[in-house]
Amino acid sequence: SSDLYKSTGAIVMLLGEKTGELGGSEYLNTVHQVVAGEPPRLDLKREAALQQLIVKLIREGAVESAHDCSEGGLAVAIAECTFDSGGLGVTADLPAVRGDAFSTNATLFGESASRIVVSVSPSQRGAVVAAATAAGIPVTEIGTVGGDRIRVSVNGRAAVDSTVSTAEAAWATAIETKMHR
(Lines give C-alpha, C1' and ligand atoms only; values in the text may rest on other atoms or scores of the structure.)
Protein backbone atom coordinates (compact mmCIF):
# COMPACT_ATOMS: atom_id res chain seq x y z
CA SER A 1 0.00 0.00 0.00
CA SER A 2 1.13 3.55 -0.72
CA ASP A 3 -0.60 6.88 -0.34
CA LEU A 4 -1.63 7.06 -4.04
CA TYR A 5 -4.89 5.94 -5.63
CA LYS A 6 -4.37 2.80 -7.74
CA SER A 7 -7.54 1.86 -9.62
CA THR A 8 -10.65 3.37 -11.17
CA GLY A 9 -13.75 2.38 -9.23
CA ALA A 10 -11.97 2.04 -5.88
CA ILE A 11 -14.00 3.32 -2.94
CA VAL A 12 -12.54 6.17 -0.89
CA MET A 13 -13.18 5.91 2.85
CA LEU A 14 -12.32 8.00 5.87
CA LEU A 15 -11.19 6.15 8.98
CA GLY A 16 -11.61 8.28 12.11
CA GLU A 17 -13.69 11.15 13.50
CA LYS A 18 -14.86 14.19 11.59
CA THR A 19 -14.56 17.15 13.99
CA GLY A 20 -13.13 19.91 11.77
CA GLU A 21 -10.72 21.57 14.20
CA LEU A 22 -9.13 24.63 12.57
CA GLY A 23 -6.90 25.85 15.43
CA GLY A 24 -3.25 26.16 14.36
CA SER A 25 -4.12 24.87 10.89
CA GLU A 26 -2.51 25.42 7.48
CA TYR A 27 -5.88 26.89 6.39
CA LEU A 28 -5.74 29.69 9.00
CA ASN A 29 -2.08 30.35 8.25
CA THR A 30 -2.42 30.38 4.44
CA VAL A 31 -5.82 32.04 3.97
CA HIS A 32 -5.94 34.40 6.97
CA GLN A 33 -2.21 34.70 7.84
CA VAL A 34 -3.10 33.75 11.42
CA VAL A 35 -1.44 31.17 13.64
CA ALA A 36 -3.94 30.90 16.46
CA GLY A 37 -6.40 28.71 18.30
CA GLU A 38 -6.28 25.42 20.12
CA PRO A 39 -4.42 22.76 18.14
CA PRO A 40 -6.34 19.54 17.42
CA ARG A 41 -6.81 17.24 20.41
CA LEU A 42 -4.96 13.94 20.32
CA ASP A 43 -6.53 10.95 22.05
CA LEU A 44 -3.64 8.50 22.38
CA LYS A 45 -5.91 5.44 22.78
CA ARG A 46 -7.87 6.33 19.64
CA GLU A 47 -4.64 7.02 17.72
CA ALA A 48 -3.17 3.66 18.80
CA ALA A 49 -6.37 1.84 17.75
CA LEU A 50 -6.32 3.58 14.35
CA GLN A 51 -2.63 2.76 13.78
CA GLN A 52 -3.20 -0.91 14.72
CA LEU A 53 -6.18 -1.03 12.35
CA ILE A 54 -4.32 0.47 9.38
CA VAL A 55 -1.34 -1.88 9.86
CA LYS A 56 -3.77 -4.85 9.95
CA LEU A 57 -5.62 -3.65 6.81
CA ILE A 58 -2.34 -3.11 4.90
CA ARG A 59 -0.95 -6.50 5.98
CA GLU A 60 -4.16 -8.21 4.82
CA GLY A 61 -4.10 -6.36 1.50
CA ALA A 62 -7.53 -4.87 2.25
CA VAL A 63 -6.61 -1.31 1.22
CA GLU A 64 -5.03 -0.07 -2.00
CA SER A 65 -3.77 3.20 -0.51
CA ALA A 66 -3.63 5.03 2.82
CA HIS A 67 -2.91 8.70 3.53
CA ASP A 68 -3.08 10.56 6.86
CA CYS A 69 -5.08 13.78 7.09
CA SER A 70 -2.81 15.91 9.25
CA GLU A 71 -1.35 18.78 7.21
CA GLY A 72 -4.03 20.73 5.33
CA GLY A 73 -6.94 18.51 6.32
CA LEU A 74 -9.22 16.12 4.46
CA ALA A 75 -9.49 17.95 1.11
CA VAL A 76 -5.70 18.18 0.83
CA ALA A 77 -5.27 14.47 1.71
CA ILE A 78 -7.89 13.46 -0.89
CA ALA A 79 -6.13 15.58 -3.53
CA GLU A 80 -2.59 14.45 -2.63
CA CYS A 81 -3.61 10.83 -3.30
CA THR A 82 -4.13 11.79 -6.97
CA PHE A 83 -0.68 13.34 -7.43
CA ASP A 84 1.81 11.03 -9.18
CA SER A 85 -1.00 8.46 -9.62
CA GLY A 86 -0.83 8.72 -13.40
CA GLY A 87 -3.64 11.28 -13.39
CA LEU A 88 -6.31 9.26 -11.57
CA GLY A 89 -8.96 11.62 -10.22
CA VAL A 90 -11.49 11.36 -7.41
CA THR A 91 -15.06 12.38 -6.68
CA ALA A 92 -15.93 12.80 -3.00
CA ASP A 93 -18.87 14.13 -1.00
CA LEU A 94 -18.05 14.94 2.62
CA PRO A 95 -20.59 15.18 5.42
CA ALA A 96 -20.36 18.67 7.00
CA VAL A 97 -18.68 18.63 10.40
CA ARG A 98 -20.74 21.46 11.90
CA GLY A 99 -23.59 23.81 11.09
CA ASP A 100 -22.05 27.29 11.26
CA ALA A 101 -20.61 29.73 8.69
CA PHE A 102 -17.24 27.96 8.83
CA SER A 103 -18.71 24.51 8.22
CA THR A 104 -17.44 24.02 4.64
CA ASN A 105 -13.92 25.25 5.42
CA ALA A 106 -13.78 23.24 8.65
CA THR A 107 -14.91 20.11 6.77
CA LEU A 108 -12.39 20.57 3.97
CA PHE A 109 -9.38 21.91 5.88
CA GLY A 110 -9.81 21.02 9.58
CA GLU A 111 -6.77 19.16 10.90
CA SER A 112 -8.37 16.88 13.49
CA ALA A 113 -6.02 14.11 14.59
CA SER A 114 -6.36 10.37 14.02
CA ARG A 115 -7.82 10.29 10.51
CA ILE A 116 -6.69 8.30 7.49
CA VAL A 117 -8.09 8.34 3.94
CA VAL A 118 -7.98 4.90 2.32
CA SER A 119 -8.96 3.58 -1.09
CA VAL A 120 -10.44 0.11 -1.21
CA SER A 121 -11.47 -2.19 -4.05
CA PRO A 122 -15.25 -2.78 -3.96
CA SER A 123 -14.61 -6.43 -3.06
CA GLN A 124 -12.86 -5.34 0.18
CA ARG A 125 -15.50 -2.78 1.28
CA GLY A 126 -17.22 -5.15 3.73
CA ALA A 127 -13.96 -6.37 5.26
CA VAL A 128 -12.71 -2.82 5.88
CA VAL A 129 -16.02 -1.70 7.43
CA ALA A 130 -16.11 -4.80 9.65
CA ALA A 131 -12.49 -4.36 10.80
CA ALA A 132 -12.99 -0.65 11.56
CA THR A 133 -16.24 -1.31 13.44
CA ALA A 134 -14.58 -4.08 15.47
CA ALA A 135 -11.72 -1.68 16.34
CA GLY A 136 -14.17 1.05 17.41
CA ILE A 137 -12.98 3.37 14.62
CA PRO A 138 -15.63 5.37 12.72
CA VAL A 139 -15.60 4.59 8.98
CA THR A 140 -17.31 6.75 6.34
CA GLU A 141 -17.54 6.08 2.62
CA ILE A 142 -16.77 9.44 1.02
CA GLY A 143 -16.11 8.85 -2.67
CA THR A 144 -14.73 6.93 -5.63
CA VAL A 145 -11.54 6.98 -7.67
CA GLY A 146 -11.79 7.73 -11.39
CA GLY A 147 -11.70 10.33 -14.13
CA ASP A 148 -9.06 13.05 -14.37
CA ARG A 149 -10.60 15.63 -12.00
CA ILE A 150 -10.61 16.24 -8.27
CA ARG A 151 -14.24 16.92 -7.34
CA VAL A 152 -15.05 17.44 -3.67
CA SER A 153 -18.40 18.57 -2.30
CA VAL A 154 -19.70 19.13 1.22
CA ASN A 155 -23.25 17.88 1.86
CA GLY A 156 -23.71 17.73 -1.92
CA ARG A 157 -22.58 21.32 -2.57
CA ALA A 158 -19.53 21.61 -4.88
CA ALA A 159 -16.44 22.99 -3.14
CA VAL A 160 -13.49 21.83 -5.29
CA ASP A 161 -13.48 21.00 -9.01
CA SER A 162 -10.12 20.93 -10.76
CA THR A 163 -8.17 18.72 -13.12
CA VAL A 164 -5.59 16.60 -11.36
CA SER A 165 -2.82 18.24 -13.41
CA THR A 166 -3.86 21.80 -12.46
CA ALA A 167 -4.13 20.93 -8.76
CA GLU A 168 -0.82 19.05 -8.79
CA ALA A 169 0.97 21.98 -10.46
CA ALA A 170 -0.41 24.42 -7.87
CA TRP A 171 0.59 22.07 -5.03
CA ALA A 172 4.09 21.48 -6.45
CA THR A 173 4.83 25.20 -6.81
CA ALA A 174 3.14 26.43 -3.60
CA ILE A 175 6.35 26.94 -1.58
CA GLU A 176 8.15 28.62 -4.46
CA THR A 177 5.14 30.92 -5.11
CA LYS A 178 5.06 31.95 -1.44
CA MET A 179 8.81 32.72 -1.51
CA HIS A 180 8.44 35.10 -4.48
CA ARG A 181 5.90 37.41 -2.83
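What share of the contacts in the protein chain with a separation of 6 or more is accounted for by residues 24 or more positions apart? In this predicted model, such residues account for 82% of those contacts. The protein chain has 181 residues, of which 41% are buried. Its secondary structure comes to seven helices and seven strands. Read from the N terminus, the elements follow the order β-α-α-β-α-β-α-β-α-β-β-β-α-α.

The seven strands of the sheet are arranged as β2-β4-β1-β5-β3-β6-β7; the sheet is open and its pairing is mixed. The edges are taken by β2 (65-68) and β7 (157-163), and because each has a single partner strand, one side of each is left without a neighbour in the sheet. On average, neighbouring strands are turned by 20 degrees against each other, with direction ignored. Strands of a sheet pair through backbone hydrogen bonds, in either a parallel or an antiparallel sense.

At one edge, β2 pairs with β4 (residues 116-120) in the antiparallel sense, over four bridges. S65 has S119 of β4 as its bridge partner. Helix α5 (residues 125-135) packs on the sheet and touches β1 (11-15), β4 and β5 (139-145). The direction of α5 makes about 5 degrees with that of β1.

At the other edge, the pairing of β6 and β7 is antiparallel and extends over six bridges. R149 is bridged to T163 in β7. The two strands form a hairpin with two residues between them, and N155 in the turn has a positive phi of about 50 degrees. Helix α6 (residues 164-172) lies across β6 (149-154) and β7, running at about 85 degrees to β7.

The largest nonpolar core contains 25 residues. Within this core, the residues with the most contacts are Y5, L74, I78, L94, V117 and I150. Two or more residues each come from β1, α3 (74-80), β3 (90-94), β5, β6 and α6. The most is given by α3, with five residues. Residues up to four places away in sequence aside, L94 touches L74, I78, T107, L108, I142, V152, S153, V154 and N155. The contacts of L94 thus include N155, the residue with positive phi in the hairpin turn. Apart from the largest core lies another, of 18 residues, including V63, V118, A132 and I137.

Rolling a probe the size of a water molecule over the atoms shows where empty space is left. A search of the whole structure finds one cavity of 30 Å³ or more. The largest cavity holds about 40 Å³ of space. Its lining consists of L14, K18, L74, L94, P95, V97, T107 and R115. Two of these lining residues, L74 and L94, are also among those with the most contacts inside the largest core.

Another lining residue, R115, is located in the loop between α4 (103-109) and β4. Is R115 buried or exposed? R115 counts as buried, because its relative accessibility is 5% and the limit for a buried residue is under 20%. With neighbours within four places in sequence left aside, R115 is in contact with L14, L15, G16, E17, L50, H67, D68, C69, G73, L74 and G110. Among these contacts, L14 and L74 also line the cavity.

Key: Residues are numbered from 1 along each chain as its sequence is written. This is a predicted model: local features need pLDDT of at least 70, side-chain atom pairs count only at pLDDT 80 or more; totals for chains, interfaces and linings use all residues. Side-chain values use heavy atoms; hydrogens and water are left out. Two strands pair if DSSP finds at least two bridges between them. Axes are lines fitted to C-alpha atoms, for helices over the stretch in contact, and angles run from 0 to 180 degrees between N-to-C directions. Contact means heavy atoms within 4.5 Å. A nonpolar core is a set of buried Ala, Val, Leu, Ile, Met, Phe, Trp, Tyr and Cys residues joined through side-chain atoms within 4.5 Å. Buried means under 20% relative accessible area, exposed over 50%, partly exposed in between (1.4 Å probe, protein chains only). On a 1 Å grid over the protein atoms alone, a cavity is a set of points where a 1.4 Å probe fits but cannot get out, and a pocket is an open set with protein on both sides within 12 Å along at least five of seven lines; lining residues have an atom within 4 Å of a point. Grid points are joined across faces, edges and corners, and a volume is the space filled by probe spheres set on the points.
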